[in-house]
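Me: Hi! I have a model open and would love a quick walk through it. Could you help me read it?

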Amino acid sequence: MQQEQERNIERLLFSISSLVELSESMLSPEDFMHNSKAILHQISGILLIPKSLILLVDDSDNSLFCYVSRGIECENLKITFNSKEMAALSKPNAPVRLDISETGNILPEKILKKIRSDFPEAQLWINLKFKEELLG
């Protein structure tokens, strides 16, 4: 059972990396925004992921808000960070496993605790960037 779960996570990491590459190839953030709902639903369906969401950056108050979700009610979800934490969130260029205690210090522990407390079932954190600008 554990081996199967590890294979599924590896397959998910590969698929998400492909998705990130696709998003980077789009011409503008608006292209990504327009397609993100369909992409999230297709990837979630193909990989049999019952719950997933895209959080977007709100620069006006250094927060992340739920833009689109599948299997999660998140209409009023908002996670606020200070500016230093927001900068740290944009650093990882690869998916971060949240479901294991050792993350290789890719994200600061304070941020990991905040994400884990708001999303206790979360397994992965993937940055969405456009030309090095953090979108979500």
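Reply: Happy to; we can talk through the sheet, the salt bridges and the nonpolar cores. This is a predicted model, in which local features need pLDDT of at least 70, side-chain atom pairs count only at pLDDT 80 or more, and totals for chains, interfaces and linings use all residues. Residues are numbered from 1 along each chain as its sequence is written, and side-chain values use heavy atoms, with hydrogens and water left out.

Me: Thanks! In what order do the strands sit in the sheet?

Reply: The order is 1-2-3, in an open sheet with antiparallel pairing. Strands here are DSSP E runs of at least two residues and helices are H or I runs of at least four, numbered from the N terminus; two strands pair if DSSP finds at least two bridges between them. Strand 1 and strand 3 (78–80) are at the edges with a single partner strand each, so one side of each has no neighbour in the sheet.

Me: How many bridges join strand 1 to strand 2?

Reply: Seven, with strand 2 covering residues 63–70. One pairing puts L53 opposite S69 in strand 2. Strand 2 and strand 3 pair over three bridges, and there F65 has K78 as its partner.

Me: And what's going on at N62 in the hairpin?

Reply: N62 takes a positive phi near 50°, in a hairpin with four residues between strand 1 and strand 2.

Me: Switching topic: which residues are linked in a network of salt bridges?

Reply: D58, D61 and K78. A salt bridge here is a side-chain nitrogen of Lys or Arg within 4 Å of a carboxyl oxygen of Asp or Glu. The closest N and O atoms are 3.7 Å apart for K78 and D58, and 3.0 Å apart for D61 and K78. D61 lies in the loop between strand 1 and strand 2 while K78 is in strand 3, so this pair ties together parts 17 residues apart in sequence.

Me: Nice. How many residues are in the largest nonpolar core?

Reply: It has 19 residues, and L55, L64 and W125 are among those with the most contacts inside it. By nonpolar core I mean buried Ala, Val, Leu, Ile, Met, Phe, Trp, Tyr and Cys residues joined through side-chain atoms within 4.5 Å; buried is under 20% relative accessible area, exposed over 50%, and partly exposed in between (1.4 Å probe, protein chains only).

Me: Which elements give two or more residues to this core?

Reply: Strand 1, strand 2, helix 3 (83–89) and helix 4 (109–118). Apart from this core lies another of seven residues, including L40 and F130.
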